[in-house]
Amino acid sequence: MAGEERNLIPKVQIKDVKKIYEGRNGQTIALNGANLDIYDNEFICVVGPSGCGKSTLLNIIAGLHEATSGEVLVDGVKVEGTGVDRGVVFQQYALFPWLTVKKNVMFGLNLKKGMTDAEREETALKYIKMVGLEKFVNSYPKELSGGMKQRVAIARAYAVNPSLLLMDEPFGALDAQTRTQLQTELLKTWEEEKKTCFFITHDVEEAILLASRVVVMSARPGRIKEVIDIDIPYPRNQETKMLPRFTELKNYIWQNVYKEYLEVQK
Amino acid sequence: MNKTKKVDIIGKIPKWAWLCLSLLSAVVLWFFLSKNPTTSLSFPPLSEVFKAYHTMAVERGKFWPDVWASMRSVGIGFLLGFVFGVPVAFLMAWYRPVRFIIEPWIQFVRNIPPLAYVPLVVLAAGVGAKAQIVVICIATFLTITVTVFQGVINVDETLIKAARVLGANDTVLFVKVIFPATTPFIITAVRLGISVALTTLIAAESTGAVAGLGMRIKALSQVFENAEMMFYIIVVGVIGMLAEKVLKFFERRLTSWQEKREI
């Protein structure tokens with residue numbers, strides 16, 4: 001990262017965030033002091049073994065969970081509860097099944113003040129088109145495949161124009177082919193309409209393909225182990241995976257993450 | 001492979017044909033039951049049961065007033081049970097203290113047969129339509145509250161999260177997410193509520209009703225007019241089936257968005 005960028009106020013500041021869950025069998029430390037600065041328009045991918053607290057961290061940034069100690073600042077303001085400046089895409093799509101594709105995408109827009117209904121509809125249609133579902137505007141979620149559902153969820157998150165997009169293993173439930181397709185689409189979308197992205201995955205290849213920096217988290221109690229700059233220039237596509245540098249990075253990260261998997265099994 | 005083939009043949013027969021077949025087998029079964037000496041007293045020949053309509057409706061002029069009286073009690077009792085039950089269910093799911101206080105009461109009263117508390121209702125509400133409505137209202141209220149409550153607490157957590165991050169406050173969350181997500185359970189609650197209202201009819205009308213299907217069934221049984229009694233029992237069953245049909249119609253329109261397994 002260039003030196004002058006370091007001087008900017010980070011988009012997101014994660015400061016010594018701890019999360020402890022009180023359970024029947026005592027305490028579980030999900031996050032043990034996570035620190036990270038994320039800059040404007042960065043694409044951050046977080047990888048780590050299951051139970052390393054990556055989802056917990058995302059939920060805290062989103063304002064859906066509260067940190068036990070420490071804090072998260074977005075644009076210099078402490079996160080307290082959810083806000084439309086932070087959009088979230090969930091692994092389970094989380095579409096409202098009783099609403100059509102268009103009405104799902106309009107859900108957040110309808111809650112925005114200072115827009116006419118025509119503008120809301122226009123905006124919704126723009127993003128539905130962006131994810132290539134213009135033929136399914138009036139379909140219900142049950143009529144869509146998993147990949148299509150996730151496209152709607154991405155359109156819904158984009159429609160309210162958040163400056164930070166949080167994605168919790170969004171492609172985790174999809175088959176390999178749909179997954180690569182959506183990865184390519186997401187890259188394209190992100191390059192067209194830049195946003196700061198915080199993307200959780202357990203797939204190292206996916207992380208390197210998408211990210212400007214990959215964050216490797218360690219096993220329970222979760223903490224950030226290493227942050228790796230992905231120095232492969234954008235625009236990227238599936239062919240990026242053939243580059244020798246890609247393989248190099250993949251091997252390096254695999255070894256790091258793999259060690260953590262072994263750690264969990266102990 | 002073989003199995004799917006079989007299913008296809010079953011699926012090809014239209015629904016109305018199945019209904020006819022079901023009815024026909026019931027008539028055949030009835031015929032044997034009315035011929036069998038041990039069950040013939042309980043199952044009078046069907047021809048006599050049909051004649052009972054004439055006896056009760058035309059000769060004695062009781063049938064339609066009975067239907068009207070019962071439908072009035074069931075209708076008002078059910079409606080009141082619904083009007084109280086749905087909000088209470090939502091309050092229980094929304095505010096935990098409300099839940100912790102009210103839920104034990106509901107579980108306690110739910111398993112007491114209505115017949116047992118009818119005298120207490122009569123003491124408070126007096127003899128007549130009011131007591132009948134109260135008994136039916138209590139029974140439907142309990143069923144509806146329990147069912148809707150289950151629905152509200154089963155609303156998918158990620159839908160709530162998704163609404164929150166899109167900017168929904170508590171009111172929006174309730175009106176736009178929790179309520180629509182609960183509609184399938186509300187319809188189930190209505191279904192169970194109607195069924196409970198009808199099955200509580202005899203208990204409700206044992207409060208000294210002067211007319212009513214439940215009261216008449218009891219009265220006819222005491223004078224051993226079995227064909228007439230059987231006719232009334234069939235009428236109660238048919239009313240239940242008709243209510244179910246109407247409900248199915250609304251269910252299709254209101255919850256067509258649901259992912260359902262094709263059976």
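**Chain A, overall**

I began with burial and noted that, of the 266 residues of chain A, 42% count as buried, where buried is the label for a residue with 20 or more other C-beta atoms, placed from the backbone, within 10 Å of its own. I should record at once that this is a predicted model, in which local features need pLDDT of at least 70 and side-chain atom pairs count only at pLDDT 80 or more, while totals for chains, interfaces and linings use all residues. Residues are numbered from 1 along each chain as its sequence is written, and chains are lettered from A in the order in which they are written.

I then looked up the dimensions of chain A, whose C-alpha trace spans about 55 × 45 × 45 Å along its principal axes. A compact globule of 266 residues would have a radius of gyration near 18 Å, and chain A agrees with its 19 Å; this radius is taken over C-alpha atoms, and the globule rule is 2.2 Å times the number of residues to the power 0.38.

For secondary structure I listed eight helices and 10 strands in chain A, these being DSSP runs (H or I, at least four residues, for helices; E, at least two, for strands) numbered from the N terminus.

**Cores**

Next I looked up the largest nonpolar core, a set of buried Ala, Val, Leu, Ile, Met, Phe, Trp, Tyr and Cys residues joined through C-beta atoms within 7 Å. Of its 84 residues, Ile44(A), Cys45(A), Ile61(A) and Val214(A) touch the most other members, and helix H5 (residues 146–159) of chain A gives the most to this core, with eight residues. A second, separate core has 47 residues, among them Val86(B) and Met229(B).

**Helix H12 of chain B**

I checked the length of helix H12 (residues 226–254) of chain B, whose 29 residues should span 42 Å at 1.5 Å a residue, and its end C-alpha atoms are indeed 42 Å apart; the expected span is 1.5 Å times one less than the number of residues. The buried residues of H12(B), including Met229(B) and Phe231(B), pack against helix H3 (46–59) and helix H11 (213–222) of chain B.

**Where the chains meet**

Finally I looked up the contact between the chains, which takes 15 residues from chain B and 19 residues from chain A, a contact being two residues whose C-beta atoms, placed from the backbone, lie within 7 Å. On the side of chain B that touches chain A, helix H8 (157–165) and helix H9 (170–199) each supply at least two residues, and H8(B) has the largest share, six residues.

How values were computed: A residue is buried if 20 or more other C-beta atoms lie within 10 Å of its own, exposed if 12 or fewer, and partly exposed in between; C-beta atoms are placed from the backbone.
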